[in-house]
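Student: I should like to learn how to read a structure of this kind. Could you guide me through it?

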Amino acid sequence: MTNILNDAFKNKGTAFTQAERQQYHIVGQLPPVVQTIAQQAAQVYAQYQTKTSDIEKRKFLMQIFDTNRVLFYKVF
């Protein structure tokens with residue numbers, strides 16, 4: 001099984017519940033806190049707002065896009 005964290009379409013970051021972390025064998029690969037997708041989106045948006053140029057903002061969003069499409073589209 002491919003690690004779900006490497007699949008940008010299935011990766012939910014810290015939104016994986018403890019049960020999902022055990023199911024997908026990713027315990028210990030994420031911070032111990034479980035956040036909702038809305039909490040993650042708020043955190044990403046706050047980070048986005050600290051970027052001073054359009055190119056910085058774009059690069060930041062593309063990093064999210066490349067690793068976590070669920071979160072990217074929630075923020076977008």
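Tutor: We shall take the aromatic rings, then a charge placed over rings, and lastly a pocket. Please keep in mind that this is a predicted model.

Student: How many aromatic pairs does the structure hold?

Tutor: The structure holds six aromatic pairs. One of them joins F65 and F72.

Student: Why is the pair of F65 and F72 edge-to-face?

Tutor: One looks at the distance between the ring centres and then at the angle between the planes; an angle over 60 degrees counts as edge-to-face. Here the centres of F65 and F72 lie 5.0 Å apart and the planes meet at 75°, so the pair is edge-to-face. F72 also forms a pair with F76, and that one is stacked, with 5.6 Å from centre to centre and 10° between the planes.

Student: Which of these residues are buried or exposed?

Tutor: The reading rests on relative accessible area: under 20% is buried and over 50% is exposed. F72, at 8%, is therefore buried. F65 has 21% and is partly exposed, whereas F76, at 73%, counts as exposed.

Student: Which residues form one aromatic cluster?

Tutor: The cluster is made up of F65, F72, Y73 and F76.

Student: Over which rings does the charged end of R69 sit?

Tutor: For such a feature one asks how far the charged end lies from the centre of a ring. The charged end of R69 sits over the ring of F65, at 3.7 Å from its centre. It also sits over the ring of F9, at 4.5 Å from the centre of that ring.

Student: How does one find a pocket, and what volume does the largest pocket have?

Tutor: Rolling a probe the size of a water molecule over the atoms reveals where empty space remains. In this model the largest pocket has a volume of about 230 Å³. Of its 14 lining residues, G13, T14, Q40, N68 and L71 are the closest to the centre.

Student: Which helix gives the largest share of the lining, and what is the character of the residues there?

Tutor: The largest share, four residues, comes from α2. Both α2 (37-49) and α3 (54-67) supply at least two residues each. By type, the lining comprises five nonpolar residues, nine polar and no charged.

Student: Where is the place of N68, and which residues does N68 touch?

Tutor: N68 lies in the loop between α3 and α4 (69-75). With a relative accessible area of 5%, N68 is buried. Leaving aside residues up to four places away in sequence, N68 touches A8, N11, K12, G13 and Q40.

Methods: Residues numbered from 1 in each chain as written. Predicted model: local features only at pLDDT ≥ 70, side-chain atom pairs only at ≥ 80, totals over all residues. Heavy atoms only, no water. Phe/Tyr/Trp six-rings, centres within 6.5 Å; stacked < 30°, edge-to-face > 60°. Buried < 20%, exposed > 50% of the residue type's maximum accessible area, 1.4 Å probe, protein only. Lys NZ or Arg CZ within 6 Å of the ring centre and 35° of its normal. 1 Å grid on protein atoms, 1.4 Å probe; cavity = no way out; pocket = protein on both sides within 12 Å on 5 of 7 lines; lining within 4 Å. Points joined across faces, edges and corners; volume = space filled by probe spheres on them. Nonpolar A, V, L, I, M, F, W, Y, C, P; charged D, E, K, R; others polar. Contact = heavy atoms within 4.5 Å.
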